[in-house]
Structure formats: C-alpha cells, structure tokens
Amino acid sequence: MNHAPLDADHVSRRWLGKASHDLPENEASVVRSAAERRPISEDINETFDDKQTFGDRLADRVATFGGSWTFLIAFGAFLAVWTVLNLVLGRDAFDPYPFIFLNLMLSMVAAAQAPIIMMSQNRQAAKDRLDAGNDYQVNLKAEIEIMALLEKVETLTARQQEQTDLIQQLLAQKEAR
C-alpha cells in the first residue's frame, strides 16, 4: 500500500494541537518526519564522534585509562616500588622518607588529570543530552504514529460494524420474505 505524504501542518494540528510553525524545532522536525513517513532516529554516537577534535579524543582516552583497574594496579605497583626502593636505599635514596619528590609528582599528576577527566565528563554530558533529545523525538514520533494507527483501526472497526449491521439487516429482510 503506497501512501502519499501528509501535510505537516495537518499532522501537527491533528496530533499536537498546534500549527507546525508554533512548535519548537525538534518537534517540528518530528512532525515533518511523520508527515513524510521517514525515520527520525539517528546514531548519536556517530554524529558526536565525527565532531570530536584530536584533543577531545585524547582526553577521553586518558580519562578512560585513568579510571581503569589497569591504571590503579600499575600506579599502586609504581608507588610500592618507589617507596620500598627509597626505604631500602636509606641515606643514598633519591627521594628519602617522607618522599617529598613523590608528593610533588603526585600533585602534578592530579593537577593535570582532574581537568582532563572533567573535560571528558562534560563531553559525555553533552552526548547524553543529544541522546535524550533524540529519544524524545523518536518517542514523540512513535506516539503520533500510534495515535494515527489507532484512529485507522477505530475507523475500520466502525466500518466493519456498519457492514455487519447491513448484513444483519439484509438477512433479516431475507428471512421476513
């Protein structure tokens, strides 16, 4: 069954109670999609990833590694080796107890790592907002499509009832003869 595209303004007024030009752009896009009977969903990951700079991708990799068990185990091993080595060397240690140089290095790592992780989290939040917006559009279109299908089913049911009533009348007329 091939259907001609519907008028977007008709769809908008029918299912959302507003003219399409009175809708926010995301809802107007959904109405146009429903009227043209085309998909609205998109792969947010692909769209978002295409816009990332080298620095964005690097920050995400650093944040991913910095929050992994591999990093925690390797960093713990590094700290243990550093501490044991400097304790064993005693007076000849390159960073004797209380490990002032190690504290300086840890502070610098934390100072660099914190903004990188925050940048990554900000990008993830922006991606989540895009994903939520796409979900809203898909859900709105699904609601419009379901309402349209329900209306068609109700119309067909009413026509079927009319036909059933007509058949019963004809059968009653035939039996009356």
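# Patches, pairs and odd angles

Author: Let's start on the outside: Glu-42, Asp-43, Glu-46, Asp-49 and Asp-50 form a negative surface patch. One of them, Glu-46, sits in helix H3, residues 44-50. Before we go on, this is a predicted model, where local features need pLDDT of at least 70 and side-chain atom pairs count only at pLDDT 80 or more, while totals for chains, interfaces and linings use all residues. Residues are numbered from 1 along each chain as its sequence is written, and side-chain values use heavy atoms, with hydrogens and water left out.

Reader: What makes that group a patch, and why is it called negative?

Author: Patch members need over 30% relative accessible area and no salt bridge; like charges are joined within 9 Å, and nonpolar side chains (Val, Leu, Ile, Met, Phe, Trp, Tyr) within 5 Å. Each charge is placed at NZ of Lys, CZ of Arg, CG of Asp or CD of Glu. Lys and Arg count as positive, Asp and Glu as negative, with His and the chain ends not counted. The five residues are Glu and Asp, so the patch is called negative.

Reader: What is the confidence in H3?

Author: H3 has the lowest mean pLDDT among the elements of the chain, 82, and helix H5 (residues 69-89) has the highest, 95. That score is the predictor's confidence in each residue, from 0 to 100. The chain averages 89, and 97% of the residues score at least 70. Where pLDDT is low, the predicted coordinates should not be read in detail.

Reader: How do you know that H5 is a helix?

Author: Helices are DSSP runs of H or I with at least four residues (strands are E runs of at least two), numbered from the N terminus. H5 covers residues 69-89, so the run fits that rule.

Reader: Which residues make the nonpolar patch?

Author: Val-81, Leu-85, Leu-89 and Phe-94 make it, with about 360 Å². Areas like this come from the Shrake-Rupley method with a 1.4 Å probe; for residues, only the protein chains shown count as cover. Leu-89, in helix H5, has 37% relative accessibility, so it passes the patch limit.

Reader: Why is Leu-89 called partly exposed?

Author: Buried means under 20% relative accessible area, exposed means over 50%, and partly exposed is in between (1.4 Å probe, protein chains only). At 37%, Leu-89 falls in between, so the label is partly exposed.

Reader: How do you know that Arg-32 and Glu-25 form a salt bridge?

Author: The rule asks for a side-chain nitrogen of Lys or Arg within 4 Å of a carboxyl oxygen of Asp or Glu. Here the closest N and O atoms are 2.8 Å apart, so the pair qualifies. Arg-32, at 32%, is partly exposed, whereas Glu-25, at 55%, is exposed. The count by this rule is six salt bridges. Side chains of opposite charge can pair when their charged atoms come close.

Reader: What makes Asp-56 and Arg-123 a pair, and where do they lie?

Author: Their side chains meet at 3.2 Å, N to O, so the salt-bridge rule is met. The pair links distant parts of the chain, with Asp-56 in helix H4 (residues 54-66) and Arg-123 in helix H6 (residues 100-176), 67 residues apart. Salt bridges with shared partners also join Asp-56, Asp-60 and Arg-123 into one network.

Reader: Why is Arg-123 called buried?

Author: Its relative accessible area is 12%, which is under the limit for buried, so the name fits.

Reader: What about the backbone: which residues have a positive phi?

Author: Arg-37 is one of them, at about 55°, although it is not a glycine. Arg-37 lies in the loop between helix H2 (25-36) and H3 and is partly exposed, at 37%. Phe-99 is another, at about 60°, and is not a glycine either. Phe-99 is in the loop between H5 and H6, and its 11% falls under the cut-off, so it counts as buried. That loop also holds Pro-98, joined to Tyr-97 by a cis peptide bond with omega of about 20°.
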